[in-house]
Amino acid sequence: MIIKVMTLFPEMFLGPLDNSIVQRAKEKDIIDLEYINIRDFSDNKHKKVDDYPYGGGPGMIMAPQPIFDCYNYVINMLDLKESEKPRVIYLSPKGKVFNQQMAIEFSRERHIIMLCGHYEGVDQRVIDEIITDEVSIGDYVLTGGEIPAMVLIDSITRLLPGTLSQDQCYEDETFHSGLLEYPQYTRPASFRGLEVPDVLISGHHKKIDEWRRKESLKLTYKRRPELLKNIKLTDKERDFLNSIKGNNCQAID
Ligand code: ADE
């Protein structure tokens, strides 16, 4: 996958995405990441990239010219098939809130272009003309779109075939099944008087699976009950959840 990031602060990406699993994915040519400085495309002799908002109001708006020219440069760099339109993601607190389903969807693309906003946002004509997806990483405001872009790159990269090894498989993890993940333990079985649940040491795989599913259901009910709406439950699981509710188990933790 080729990911091109249009940003005013390319240096911010150096470090966070140069380690661990994302770095390995780059070394294995699973992803090709490039950061392009929007300021380099400014026509202005002072390399200005922002201006006051029409209609007044606080803050500055990223002007269209440097972004459009940067985008054209990026598009010309990509080896696009006839009629192929890459996803162009604008990171903004006004966007659709990112989730694992969106990470899976983006991980199927051949090319992704990201635009990181700054100041009070970008000129609306940029959004109308070139953006395919406006994405937020949560209901809070950050100083710019760089950290959100890194969040997306990390979560997309780990889904690409060949990135995670077999023992780092994501199929059981939180959100993949639509439920929060069950508790995990490693050796020793007894640590300062704290014991690992017997069932996990029993070697009885069916019982272990049942225990994990129940723990996932219980945790999801307590912390994120809204996620249960999308889960197909067996009659037994429904009874189990009803028994938790009957036990005065609060749906908040
Ligand atoms: N830019 C500023 N805040 C943001 C957020 N929450 N998500 C994505 N981009 C942002």
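Visitor: What makes the approach of Ile137 to a nitrogen atom of the ligand a polar contact?
Guide: A backbone N or O atom of Ile137 lies 3.0 Å from that nitrogen. A polar contact is a pair of N or O atoms within 3.5 Å (within protein, one must be able to donate a hydrogen and the other to accept it, and residues adjacent in sequence count only if both atoms are side-chain atoms), so the Ile137 pair qualifies. This is a predicted model: local features need pLDDT of at least 70, side-chain atom pairs count only at pLDDT 80 or more, and totals for chains, interfaces and linings use all residues. Residues are numbered from 1 along each chain as its sequence is written, and side-chain values use heavy atoms, with hydrogens and water left out.

Visitor: Which distances put Ser92 and Tyr140 in contact with a nitrogen atom of the ligand?
Guide: For a polar backbone atom of Ser92 the distance is 3.1 Å, and for a backbone N or O atom of Tyr140 it is 2.8 Å. Taken alone the ligand exposes 260 Å², of which the protein buries 96%. Such areas come from the Shrake-Rupley method with a 1.4 Å probe; for residues, only the protein chains shown count as cover.

Visitor: Which elements give two or more residues to the shell around the ligand?
Guide: Strand E5 (87–97) and strand E7 (133–136) do, and E5 gives the largest share, 3 residues. Helices (H or I, at least four residues) and strands (E, at least two) are DSSP runs numbered from the N terminus. Residues that surround the ligand include Leu91, Val135 and Pro148; a residue counts as near if one of its heavy atoms lies within 4 Å.

Visitor: Why is the pair Arg213 and Glu237 called a salt bridge?
Guide: Their closest N and O atoms are 2.7 Å apart. The definition asks for a side-chain nitrogen of Lys or Arg within 4 Å of a carboxyl oxygen of Asp or Glu, so the pair passes. Arg213 lies in helix H7 (residues 205–223) and Glu237 in helix H8 (residues 235–246), so the pair ties together parts 24 residues apart in sequence.

Visitor: Is Glu237 buried or exposed?
Guide: Its relative accessible area is 14%. Buried means under 20%, exposed over 50%, and partly exposed in between (1.4 Å probe, protein chains only), so Glu237 is buried. Arg213, at 28%, is partly exposed.

Visitor: How many salt bridges does a search of the whole structure find?
Guide: It finds 11. One of them joins Asp18 to Lys26 at 2.7 Å. Arg87, Glu105, Glu109 and Asp133 are linked in a network.

Visitor: Why is Cys70 in no disulfide?
Guide: The nearest cysteine sulfur, that of Cys116, is 10 Å away. A disulfide needs two cysteine sulfur atoms within 2.5 Å, so this pair fails. The count comes to 0 disulfides. Cys70 is buried at 0% relative accessibility, and Cys116 is also buried at 0%.

Visitor: What makes the nonpolar surface patch that includes Val151?
Guide: Met12, Tyr140, Leu142, Ile147 and Val151 form it, with an area of about 420 Å². Patch residues have over 30% relative accessible area and no salt bridge; nonpolar side chains (Val, Leu, Ile, Met, Phe, Trp, Tyr) are joined within 5 Å, like charges within 9 Å. Val151 has 34%, so it clears the area cut-off. Val151 lies in helix H5 (residues 146–157).
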